[in-house]
Amino acid sequence: MDFSTPEHAGPPGPSAGSGGRRAAGRGVAGRLPWMLVLPAVAGLVFLVLPLAGLLIRAPWPTLLERLAEPHVLEALRLSLACATVATACCLLLGVPLAWLLARVEFPGRRLVRALVTVPLVLPPVVGGVALLLVLGRRGLVGQWLESSFGVTLPFTTAGVIVAEAFVAMPFLVISVEGALRGADQRFEEAAATLGASRWTVFRRVTLPMVMPGVVAGAVLCWARALGEFGATITFAGNFPGTTRTMPLAVYLALETEPEAAIVLSLVLLAVSVIILASLRDRWVSAA
Amino acid sequence: MSRRLPRWAIALPVALALAGLSGCGSGEPAATPDAGSSSAAGGGAGEVTVFAAASLTGTFTELGKTFEAAHPGTTVRFNFGSSATLAQQIVQGAPADVFAAASPATMKTVTDASLAASPVTFVRNKLQIAVPKDNPAEVDELKDLTDAKVKVALCAEQVPCGAAAVKALDAAGLKVTPVTLEQDVKATLTKVELGEVDAALVYRTDVIASAGKVTGIEFPEADQAINDYPIATLAKAPAGDLAGQFVDLVLSQQGKDVLTKAGFEAP
C-alpha cells in the first residue's frame, strides 16, 4: 500500500504547479504562453514516464513477500544510514568551503571553484578508481592510514560514506555558495560594526540568512548520496550488510531477476519521496 | 481564471504516456515490426552485432577482424558485458545477431524466451586464484583463502564467475568470507591488480590477459566448476545468414586456435 505513494507523487505535480501559477500570475494578464507550456508538459512527461514504467511492470501480487526478505531491509537501512552520515560530513566540510569561496578573496579562487565541481563531471566509476588510488590499501594516503592506524577504507561501511560524500558534496557547496553570494552582505557588515567577531557574524547572521540554501543543498546532497552507485561499487565493493546499498542491490538483482530489481527500485523511490516530501513540508511551513 | 492550465493539457500527456506504455507492454512478445525495420536499416552491406561475455573481449575482437577481412564490406559490432546483463538486454529486444554467453544458465534466459535455438558449447573456462604480483598474503592454495587475514574478492553469485566460485569452494568443502562480491570478472580482477585484495577467484583467461600484473595459481577443485560457453544465432537476427557465418568462424579450427591461445579449453 505504501508503494502507491510515488504514483500519487507523479500526477499532483502539474495540478500543484497550476495552482501555484494561478497565485503567482495574478498580476500578469493574458493567455498562457504555449511556447513555454508545451515544452514544460513534454519535460514533465519525459521525467515521469520512466516512473510509470516501473509502476506498471512491478510484480504487485508478490510485492509484500519480496519486501519481507531480510536482505531488502538490510540494504535499505544501510542506504539510509550511509546517505545521512555522508550528508552530515558534507555539511561539516561543505558549508565552510562554500563560505570560503563566497566570502574570502584569495588567488586562484576561480580555479578552486572549478575544482569543487570535478566530482560532478567525473563519471562516478572513475571517481571510485581515483578514491582507490588515494585512499586504497596501496594508495597515497591509504598506505599511511594502514601503517599508522591500521585503518583501511575500501570494503567497509566507512568507505561507502566516503564514496557518497565525494560525489554528493559539490551539490551542497554549489547550492550554499549561491545562497551566500545572493545574500545581502550589509547585514554582516552591520553586525561587524557592532563589534561581532567574524565567527559570531557567520553563526548569528550569515548562517540563518542562507539557511534555505543550506537545506536545499543538503537535500540534493542526500538524494545524490542515496542513489550513488558507481563510486560505491568501485571503492567500497559490494558485500551484504556492510557495503551493499540499495542501488548495488538493484544492479545485482537486474542480472538475474528484473522483477526483484523493480521492487527494490520502488522501495528506494518511495522511501526517498516520503522523506523528501515530509522534510520539504516542514521547511516550507517553517519559512 | 483564463490563466489556469486547461484540463486537457494535463490529460493529454498522461494519455500519451499510458498509450506508449501499453504499446511497449503488448509489443514486447511480438516485436517483429521492430526487428524488421532494423534489418531494413542495417542494409545489404552487412553488419553483424555480437553480444559476448566480457571474458571474450580479446578473442572475439580478434575473430571479428578476421571475419571482416574474409567478408569485405561487412562490419562486426560487439557488445561485451556480463552475460546475465546481455541476456536481459536480448530478452528486452536489443537487436543482436549472435549471443556468446559465459554460462549455460545465462543462455537459458534467452532460449527460454524462444529467442535462440540449439546453442553450441564452443569453449570451456576454468577458475584460477589470482594474486597480486608480489603475493603479499603468501597464498598458494585454495585453503589459504579461508584465513581471516587474507582479503578475498569473489564475483557475485548471480554472475557466471561467481556461480563457478561457489561450486569450486563447495567441492573443496571450504568456507571463504570475501570482503566484496563484484559485479563481473573484470571488476574482480581489477581489485587484485590494484592490490586492494590479496586474492580472487577469476578465470584462467583473465589471468593470462593481465599477465605481468597478477599471478595465477591453479587449484584442483577448479575441475569441479568448469564453465561451458554456449554460442547461438538469435531467432530474430537482423543480419540473417551472416550471423550463422560468424558462429561458423568461432567453431572453426581458426577460431579454436585463437581461443585456446588465450587460455580457453576445447569443450
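This report walks through a predicted model with chains A and B, from the overall make-up of chain A to an annotated site in chain B.

**Chain A**

Let us begin with the secondary structure. Chain A contains 16 helices and 0 strands. Of its 287 residues, 32% are buried. Looking at contacts in chain A with a separation of 6 or more, 78% are between residues 24 or more positions apart.

One helix deserves a visit of its own. Helix α15 of chain A runs over residues 246–256 and is mostly covered, with 10 of its 11 residues buried. Among the buried residues of α15(A) are M246(A), P247(A), L248(A) and A249(A), and the list also includes Y251(A) and E255(A).

**The domains of chain B**

Chain B is split into two parts: domain 1 takes in 44–124 + 228–261, while domain 2 spans 127–225. Taken over C-alpha atoms, the centres of domain 1 and domain 2 of chain B are 27 Å apart. Where the domains of chain B meet, 9 residues of domain 1 are in contact with 12 residues of domain 2. On the domain 1 side of that meeting place in chain B, the residues are 3 nonpolar, 6 polar and no charged.

**An annotated site in chain B**

According to an unreviewed UniProt entry, the annotation "binding site" covers S55(B), S83(B), V185(B) and Y203(B). These residues are spread over 149 residues of sequence, yet they cluster in space, with a largest C-alpha distance of 14.3 Å.

Two of the annotated residues can be set side by side:

| Residue | Element | C-beta neighbours inside 10 Å |
|---|---|---|
| S83(B) | helix α4 (residues 83–91) | 31 |
| Y203(B) | strand β8 (residues 199–203) | 29 |

Is S83(B) buried or exposed? S83(B) counts as buried because 31 C-beta neighbours lie inside 10 Å, and 20 or more are enough for that label. Y203(B) is also buried, because its count is 29 C-beta neighbours inside 10 Å.

Their surroundings can be followed in the structure, leaving aside residues up to four places away in sequence. S83(B), in helix α4 of chain B, touches A53(B), A101(B), A102(B), S103(B), T106(B) and P160(B). For Y203(B), in strand β8 of chain B, the residues touched are S55(B), N125(B), L127(B), C161(B) and V185(B). Two names there are familiar: S55(B) and V185(B), both touched by Y203(B), are covered by the "binding site" annotation from UniProt as well.

Key
Residues numbered from 1 in each chain as written. Chains lettered and ligands numbered in written order. Predicted model: local features only at pLDDT ≥ 70, side-chain atom pairs only at ≥ 80, totals over all residues. UniProt positions renumbered as here; feature names shortened; annotations may be inferred. Helix = DSSP H or I, 4+ residues; strand = E, 2+ residues; numbered from the N terminus. Buried ≥ 20, exposed ≤ 12 C-beta atoms within 10 Å, placed from the backbone. Contact = placed C-beta atoms within 7 Å. Domains from an automatic or database assignment. Nonpolar A, V, L, I, M, F, W, Y, C, P; charged D, E, K, R; others polar.
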